[in-house]
Amino acid sequence: MAVDFSTLAREYSGELYFNDTIEHLAVRMAYSTDASVYQEMPAGVAIPKDAADIQRLIAFAGKQGLTLVPRTAGTSLAGQVVSHGLIVDVSKYLNAVLEVNPQEKWVRVQPGVVRDDLNALLKPMGLMFGPETSTSSRAMIGGMIGNNSCGLHSRIWGNTRDNLLEVTVLLADGTEMIFGPVDAETARQQHRVYSEILSIIEDGTNQSLIATNFPKRSVTRRNSGYALDSLVDQLNHSGRINLSHLIAGSEGTLCFVTEAKLKLIDLPPKEVGMVAIHCTSLQEALQANLIAVQSGCAASELVDHVILTQALGNAGQVQNRSFLVGEPNSILMVEYFDNSSDGLRQKCDTLIAALTTAGIGYAYPVLTGDETKTAWDLRKAGLGLLRNLKGDAQPVNLVEDCAVAVEDLPAYIGELESLLSRRDTPYSIYAHAGDGELHVEPMIDLKSASGQQLFKDILTETAALIKKYKGSLSGEHGDGRLRGQFIPVVMGPEVYDLFKQVKNIFDVQGVFNKGKITGTPDMLTSLRYSGKGHAEKERGPSTVFDFSAEEGILRLTEKCSGSGDCRKTHITGGTMCPSFMATRNEKDTTRARANVLRQYLTTRPEIIGKGKEADIVKDVLDLCLACKGCQTECPSSVDVTKLRAEFLYHYQKENGISFRTRMVGAFSQQMKLASAVAPIYNFLGRNRFFRRMINRVLGFHVDRSLPEVAGLTVKDWHMRRGRVGDRASAGTIKPGKTVYLFCDEFTNYNGAETGKKTILLLERLGYTVIIPEHTDSGRSYLSKGMLMEARVCAVQNVNALYDLIGEETPLVGIEPSAILSFRDEYKSLLDGDLQKKAEVLSRHVYLFEEWFHREMERGNVGQSSFITSGRRIILHGHCHQKALSSMHVASDILSLPKNFSVRVLPTGCCGMAGSFGYEREHFDVSMKIGDLVLFPAIKGEPETTIIAASGTSCRHQVKDGTGRKALHPAEILFEALC
């Protein structure tokens, strides 16, 4: 039955997407899946602005027979937020911290508050909210309540239920209730929900059923069904009841949480250390775990060889393996806190002694302080890293959340391994060994019917194992639509009937997340793949880029695990994803772009770029700034920049290229013409009237300043000095002291002073600088999906430079986006011998900062060449620099002059991103991105502070956003010469 949204749209103040327009379909497709294997198009997506909006949605759903699905970050692994109903996303507007009481150690928040952001606010008070999921940089309190999230340190900090004091909720009839601790008699008088729940848990027969069928007491992670056992314990021990503990873990099926009061704890002791136990087998690691949990550790987490191997292929994680000794089969990360370094060392030494005595492990490196963070980053990236495996058989969330008592873990895992071996199914095992909950990820091909049957068979057999060990079907990820049908198997039909009674007491009409926990459809319903020889098993479309390393363009989109790393806020930091940080719209995440493109490609369009479906993809890709943050910050390395460029190429091939796109693509040609009349061009650009007129014609925002152009370009200036290409005599080429400078189009025309000072700096330091014959980098073409034009540039540059460039005669570039094209796009834009040449050439291509750092390490450049007076520098990194290079080299070279202090700003993207920040429709988002961190950081600095930024676009954005001038590191070093 079609849902009539017209009445709701008239009275509702939030955002609402429900029809079949491009914009609405794009949003609905973005919300059709989560981090699970399920996918279902929702009837609509609502983004309420306040609790009153949610009340309107509840009333509307009741009248329309619609179910509401509360959603925050959407990282559910069991399909909790996938539904044909109305998705209600509270992450954008209901994200306020309402009240903090440091004395009584509690905080009151709305459900869209991000856990790590909350703790950043609380840290100066010496407090924190304890539960710490691996997704804590984007996990929100509402979702953590829904799943009763636990996390790495639940052994000492507990789960969400343990730290939940009360919740404010809206019931199915719109009534607002506050569920907190209350004595049973008082509760009966307050609302029928209390009296009816009490009638269940006070019944002796029911208490016996609960005691017999729920997980045994030593299973600390229990999140299957509804937490009736917790209520029984409360009632019997204190005569009181706190229904917030029932709401925790209820997956949004009972009511709608609008506020939560959370218990806070003191920050952990300042000294932190980890023993990384290296084991030769998984069972050895599990035996080590039994010793570790008896030692009073704060956490005991396992990482297996599959994840350790996968980390080698991820640029962002390979460095996090640096603590490994050899190639262990498994490592157990055991962490301790202490108030003193001596006390910490004693705890670590005691554990190592116990392990040595037991003959367990072969290496025990001890990490302390910030060293532990890199190890935890590796552990937290486990799910995403597994998505980089080749082939159709991919890791699936299936039995990853089953939990048993720690003492039963070796035997349970042994049986589970036997089960998987009998079915010839590879797997990975990692995570919460110290809590008896290991994430077991079988590799299954869900695109085939046989794979889907295997998927169900493994869970069926595992459910029997969980019942045998009296464990929990779900530890922290929830039952959702994945495991719901097995609750009666594990906990018995009588207990399942109690759960149905609970659901009916709260929500007899199914207003809230119908079909989760109770009344769950078969687990094979609404999978992403049909399992019927679907098109996704066919070869993907022909592409310009070489996607063979990713097994095709479709497979690259499929690598998205949905883990939501791209939903980090600017408070957490990082580059990915700048547009989401500004808009807080799911549609603007890397995840949404990959998922919508996957859904489109899975339909196997005959021609990419035609029709309404292609328009939807284009709409979702619109705010991608091509920052490349997803290459390293996405644990699955889903390169949306590459996907976007490829799609735009095909779309424009079918629909034509706009005037503005052609103008931007041919940037260097425009700048060449402008350079010929530089005084006139610069005068017009500085004049407000003419600038606004020019911008309107080009489709740029009227308030964006135009880049000034040099009358004497870098190449012309250098040529007059007899130092370009063939004009350089062979005698000037000195191995180790000759630099081939890639004079990119942006530096040549718009950053000429930067280019000239770079050359003069190197010459003053004793280097011969040669600008070889080369063409443009092709960056402006790449940014606009004009791949054939970009390929021409790549071909010319590789052919021109291949025989010149080597280890002792490197190619050095000033502008990150240009020079790093050699390292990135060129290698997949070319084919055959040219691709091989591009690969070889890329090894000898350096960003200026990288090359200068190399020369410092070789002793060729030292402090003696620079002044000794003090300078304060704040450094903003270019997005491509952060993704494909390193910020520490830039910081190091700027710290070379004695008494220079450098602070690397915790910025993401500046917001300009080439032409993005100029474009009329993108200007506001561009400036909002800059306003997140970059602009406030600069405005907070005195005028004497030097602002460093490598990117031409970054320096332009700084000028427009703050009125300050930023300098390239090479300029700063030139000015600092003695």
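Helix α31, residues 688–698, gives the most to a nonpolar patch on the surface, contributing 3 residues. I should state at once that we are looking at a predicted model. The patch is formed by F659, F689, M693 and V697, and together these residues have about 440 Å² of accessible area. V697 is found in helix α31. Is V697 buried or exposed? At 58% relative accessibility, V697 counts as exposed.

Let me turn to K390. This lysine lies in the loop between α16, residues 382–386, and β18, residues 394–395. K390 also counts as exposed, because its relative accessibility is 53% and the threshold is over 50%. Which residues does K390 touch, once its neighbours within four places in sequence are left aside? The contacts are with A549, E550 and E551. For A549 we can be specific: the side chain of K390 reaches the backbone oxygen of A549 at 2.2 Å. A further pair to note is K390 and R555, which stand 165 residues apart along the chain, with their C-alpha atoms separated by 9.0 Å.

Next, the backbone geometry. As a reminder, most residues other than glycine have a negative phi, and most peptide bonds are trans. In this model, the peptide bond from M576 to C577 is cis, with omega near -10°. C577 belongs to the loop between α22, residues 553–558, and α23, residues 578–583. Two arginines call for attention as well. R584 is not a glycine, yet its phi is positive, at about 60°. Its place is the loop between α23 and α24, the latter spanning residues 590–602. R604, likewise a residue other than glycine, has a positive phi near 55°. R604 is found in the loop between α24 and α25, where α25 covers residues 611–621.

Finally, the cysteines. A disulfide is a covalent bond between the sulfur atoms of two cysteines. How many disulfides does the model contain? The count comes to 0. Why does C909 not form a bond with C879? The closest cysteine sulfur to that of C909 is the one in C879, and at 3.5 Å it is too far for a bond, because the cut-off is 2.5 Å. As for surroundings, C909 is buried, because its relative accessible area of 7% falls under 20%. C978, by contrast, counts as exposed, at 58% relative accessibility.

Definitions and conventions
Residues numbered from 1 in each chain as written. Predicted model: local features only at pLDDT ≥ 70, side-chain atom pairs only at ≥ 80, totals over all residues. Heavy atoms only, no water. Helix = DSSP H or I, 4+ residues; strand = E, 2+ residues; numbered from the N terminus. Buried < 20%, exposed > 50% of the residue type's maximum accessible area, 1.4 Å probe, protein only. Contact = heavy atoms within 4.5 Å. Polar contact = N/O pair within 3.5 Å; in protein donor to acceptor, adjacent residues only side chain to side chain. Patch = residues over 30% accessible without salt bridge, like charges linked within 9 Å, V, L, I, M, F, W, Y side chains within 5 Å. Areas by Shrake-Rupley, 256 points an atom, 1.4 Å probe, with all protein chains shown as cover. Salt bridge = Lys/Arg side-chain N within 4 Å of Asp/Glu carboxyl O.
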